[in-house]
Number of protein chains: 2
Amino acid sequence: MIKNEKNISIAVIKRLPKYYRYLGYLLDKDIKKTSSKELANIMGITASQVRQDLNNFGCFGQQGYGYDVVSLYIEIKKILGIDSIQNMIIIGFGNMGKALASYSNFEKRGFNIIGIFEKNPNFFNIKIRNIQIFDIKYLEDFCTQNKIDIAILTVPNGSAELVAKMLVKCNVKGIWNFSNMELNIKDSNIFVENIQLTDSLMTLSYKLNQNFVK
Amino acid sequence: MIKNEKNISIAVIKRLPKYYRYLGYLLDKDIKKTSSKELANIMGITASQVRQDLNNFGCFGQQGYGYDVVSLYIEIKKILGIDSIQNMIIIGFGNMGKALASYSNFEKRGFNIIGIFEKNPNFFNIKIRNIQIFDIKYLEDFCTQNKIDIAILTVPNGSAELVAKMLVKCNVKGIWNFSNMELNIKDSNIFVENIQLTDSLMTLSYKLNQNFVK
């Protein structure tokens, strides 16, 4: 099992964004406190598991009061590393690259897309939402001049591993992998998070087409 | 645990699209047979688990030969329900709706987007990739006239549950939920698959920002 230095399991980590979203929702509604029971309902886990999850990060609720929404929200924001701006680049300006470049919601969470890289010269120097598209050959230079936290990888499957290896050289910290390839760069220090939209759609399709019992 | 009538766990089901993708990749390379060991390497599970997974669906490898790539590919395609065309609609033409409407790769898997629904009149009757944007008030009529398998839900959080309830009435079979809300429609026969892009990005951010050990 993947663990961090505090020995926190990936399952707990994967729940953090959901806690964060729900706390944001409470804040929007001006609700100032919540309980492990309420959080448990939303998360689909037990109240005891909620307490365990949050204890991992030193967030202890008060007996008879529960959790202070604002401070828990700020704490989780910090843990997720989204209390500061993170620079992202997109590699590949195909359908998915275009779609993600058009999507402005990441910025609300502090994720800024500062460049797009392509090998097709037809796209060079075009701007989308003020983000410039560059020739992929300038990738290394760009990464030297700008601290890049995350590269969004949307190149065709055949190029995914090659580009991933370039990104390792560029000292990018993480790859958000939309390609359908598992990236064989385990020896590097780079973190990879795979996301397969079509897999999610196919899972839904399976449920619709088999006599799946909810 | 969620099970279907064959008692197949959701974990196995979630692996099927990955098997399918990998088999497609082998087919592209004109590779005709594969083994549970090879599949295990790709899937990051044991060979014995691969055999168990595929046995669930009556796909048995032959001792000393392994699996026939073509027939396994066709079988999984059938199980996933992507051997026939499925009609989809998009609800909401904000950033994510636009992005998904622009993304043409779903069609390759037999998922056809046949309409987009919005409440903002500025978008009515516009077409994107030949898909028309309609006033949301025509949703029920449209769904009566066209068999809709999947609705892609990309409306703002505040409207998500209301629209989901409309979709239940429209006899849509499944909702692919991009909103940040858990949909409270458990009593209906509709299937929901949640996908939260920003959660995936925040999980990556966590790994980069904590001293996460791979």
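**Notes on a two-chain predicted model**

1. Let's begin with empty space. A search of the whole structure turns up 1 cavity of 30 Å³ or more. Keep in mind as you read on that this is a predicted model. The largest cavity holds about 50 Å³ of space. If you wonder how anyone spots such a thing: rolling a probe the size of a water molecule over the atoms shows where empty space is left.

2. Which residues line the largest cavity? From chain A come M96(A), A99(A), L100(A), Y103(A) and L197(A). From chain B come M96(B), A99(B), L100(B) and L197(B). Helix 5 of chain A and helix 5 (95-102) of chain B are the elements that give two or more residues to this lining.

3. Now for how the two chains are related. Turn chain A by 180°, with 0.0 Å of shift along the axis, and chain A superposes on chain B with an RMSD of 0.0 Å. That is the relation of a two-fold axis. Within chain A, the C-alpha nearest the axis belongs to A99(A), at 2.1 Å from it. You've met A99(A) already, since A99(A) is one of the residues lining the largest cavity.

4. What surface do the copies use to meet? Of the interface residues of chain A, 100% are also interface residues in chain B, so the copies meet through the same surface.

5. Helix 8 of chain A is a nice one to check with a bit of arithmetic. This helix covers residues 197-209, which makes 13 residues, and at 1.5 Å a residue helix 8 should span 18 Å. Its end C-alpha atoms sit 19 Å apart, which agrees.

6. Is helix 8 of chain A mostly covered or mostly open? Mostly covered: 12 of its 13 residues are buried. Among them are L197(A), D199(A), M202(A), Y206(A) and K207(A). L197(A) links back to point 2, as L197(A) also helps line the largest cavity.

7. On to charges. Over all chains, the count comes to 22 salt bridges. Start with K32(A) and D30(A), whose closest N and O atoms are 3.1 Å apart. K32(A) is partly exposed, with a relative accessible area of 47%, while D30(A) counts as exposed at 56%, because the cut-off for exposed is over 50%.

8. Another salt bridge joins R129(A) to E107(A), with the closest N and O atoms 3.0 Å apart. This pair links distant parts of the chain, 22 residues apart. R129(A) lies in the loop between strand 6 (127-128) and strand 7 (131-135) of chain A, and E107(A) in the loop between helix 5 (95-102) and strand 5 (111-118). R129(A) is partly exposed at 34% relative accessibility, and E107(A) is partly exposed too, at 30%.

9. Have a look at K173(A) and D149(A) as well; their closest N and O atoms are 3.3 Å apart. K173(A) lies in the loop between helix 7 (157-169) and strand 9 (174-177) of chain A, and D149(A) in the loop between helix 6 (139-145) and strand 8 (150-153), so this salt bridge ties together parts that are 24 residues apart in sequence. Buried or exposed, what is D149(A)? D149(A) counts as buried, at 3% relative accessibility, whereas K173(A) is partly exposed, with a relative accessible area of 34%.

10. One last thing to find on screen: salt bridges that share partners join K14(A), E193(A) and K207(B) into one network.

Note on methods:
Residues numbered from 1 in each chain as written. Chains lettered and ligands numbered in written order. Predicted model: local features only at pLDDT ≥ 70, side-chain atom pairs only at ≥ 80, totals over all residues. Heavy atoms only, no water. Helix = DSSP H or I, 4+ residues; strand = E, 2+ residues; numbered from the N terminus. Expected span 1.5 Å × (residues − 1). Buried < 20%, exposed > 50% of the residue type's maximum accessible area, 1.4 Å probe, protein only. Salt bridge = Lys/Arg side-chain N within 4 Å of Asp/Glu carboxyl O. Least-squares fit on C-alpha atoms with pLDDT ≥ 70 in both. Contact = heavy atoms within 4.5 Å. 1 Å grid on protein atoms, 1.4 Å probe; cavity = no way out; pocket = protein on both sides within 12 Å on 5 of 7 lines; lining within 4 Å. Points joined across faces, edges and corners; volume = space filled by probe spheres on them.
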